[in-house]
Amino acid sequence: MAERSDAVQMAVAGAQSLLRSGLPYLALAVMLVVIVSVQPNILSYFGFNLMLKLSIPLILAAYAQMLVIGLGDIDLSIGSFVGLVTCVVAIFFADRLWLGLLILAAVVAAYVAMGVIIYLRRLSAIMVTLGASFIWFGVALLILPNPGGLAPGWLSGLAGLRSPLVPLPVWIAIVVASLGHFALMRSSFGVILRGAGGNPKAISRAGWSLLRARIVIYLSAGILAVLSGLALTAITTSGDPNVAPTYTLVSIAAVILGGGTFVGGIMSPAGTVAGAMTLSLAGSMLSFLDVPPVWQIGVQGCILVAVLAGRSLMPGEP
């Protein structure tokens, strides 16, 4: 009887764990059902592509945020950083590609330097990244004071590619989730990167450099933020310093919605993708209904609260 009771408890615990990890995907599925019920015509290749294309830059920005949060930090500058990238791309990529790439490389180097300073000086990541957000925004205004510029044809053409079977955003989401899962959850170096945020003392005692791990994470996050800016420029075909102010908080929400925490060391690559797509779809749905943008942010917040409430009600949730 005792063995049977233990087996039942293990089965219940396994089911609860599966349900907790499945909450981001359940939220995504519910959002898709709601959108289809509101707009049945969306059930087409063109409809899904139109609905999901704005999720691509958000997915990449959320991935960058996930890496930083996995260290136990929070990046409050990601929205301004993405806006800066759109300005650089729209102004320089058309006829001075080499200069644009050089500027982006310098910006990523500055982003990595920010992470190093936070670590070496034991500074608050929130305060440093908040200050950095004003720097990114100021540089963006120097490059492009008003919305404008033009994305190069090859970049805007990428946004219009017609992929086989399913729209391009779906393929990008699958590839990003798969690469992130294997890089962070299956590789030995991924264990070190997660350990740098979850148990830095153990990683240091094992002989691994915490500074090196932080450099790799901030470098990866900076590159992902650049890719987010490139994707956003490809979609909007222009640059704007104020194009992505909501990305800062929405990217944090996507990470938490996807199963991450502020503790550090806990990352959910696939969950982050699902969380970013859910929040993006919420905005798309309300746009279809001609709901003002202010209410869109409120609905995204309600989705996050609902999922976190469901997670907290489950036994064993930290």
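Me: Why is F93 called buried?
Reply: Good place to start! This is a predicted model, and in it F93 has a relative accessible area of 4%. Buried means under 20%, so F93 counts as buried.

Me: What makes W154 partly exposed?
Reply: W154 has 47% relative accessibility. Partly exposed covers the range between under 20% and over 50%, so W154 belongs there.

Me: How many aromatic pairs are there, and why is the pair of F93 and W154 called stacked?
Reply: The count comes to 4 aromatic pairs. For F93 and W154, the ring centres are 6.4 Å apart and the planes are at 25°. Ring centres must lie within 6.5 Å to pair, and planes under 30 degrees apart count as stacked, so this pair is stacked. The pair also links distant parts of the chain, since F93 sits in the loop between α4 and α5 while W154 is in helix α7, 61 residues apart.

Me: What makes the pair of Y111 and Y218 tilted?
Reply: Here the centres are 5.7 Å apart, with 50° between the planes. Under 30 degrees would be stacked and over 60 would be edge-to-face, so tilted is the class that remains. Y111 lies in helix α5 and Y218 in helix α11, so the pair ties together parts that are 107 residues apart in sequence.

Me: How do you know whether Y111 and Y218 are buried or exposed?
Reply: Look at the percentages again: Y111 has 0% relative accessibility, and Y218 has 0% as well. The limit for buried is under 20%, so Y111 is buried, and so is Y218. Ring pairs also link these two with F81 and W136 into a cluster.

Me: How do you know that the span of α5 agrees with what a helix of 24 residues should have?
Reply: The expected span is 1.5 Å times one less than the number of residues. For the 24 residues of α5 this gives 34 Å, and the end C-alpha atoms are 34 Å apart, so the two agree.

Me: What covers the buried residues of α5?
Reply: The cover includes α3, α4, α6 and α11. Among the buried residues of α5 are G100, L104, V107 and Y111.

Me: Why is L158 called partly exposed, and which patch does it belong to?
Reply: L158 has 41% relative accessibility, so it counts as partly exposed. L158 is found in helix α7. Together with L97, L101, W154 and L161, L158 forms a nonpolar patch on the surface, with about 480 Å² of accessible area.

Note on methods: Residues are numbered from 1 along each chain as its sequence is written. This is a predicted model: local features need pLDDT of at least 70, side-chain atom pairs count only at pLDDT 80 or more; totals for chains, interfaces and linings use all residues. Side-chain values use heavy atoms; hydrogens and water are left out. Patches are made of residues with over 30% relative accessible area and no salt bridge: like charges are joined within 9 Å, nonpolar side chains (Val, Leu, Ile, Met, Phe, Trp, Tyr) within 5 Å. Accessible areas come from the Shrake-Rupley method with a 1.4 Å probe; for residues, only the protein chains shown count as cover. A salt bridge is a side-chain nitrogen of Lys or Arg within 4 Å of a carboxyl oxygen of Asp or Glu. Helices (H or I, at least four residues) and strands (E, at least two) are DSSP runs, numbered from the N terminus. Buried means under 20% relative accessible area, exposed over 50%, partly exposed in between (1.4 Å probe, protein chains only). Contact means heavy atoms within 4.5 Å. Rings of Phe, Tyr and Trp (its six-membered ring) pair if their centres lie within 6.5 Å; planes under 30 degrees apart count as stacked, over 60 as edge-to-face and the rest as tilted.
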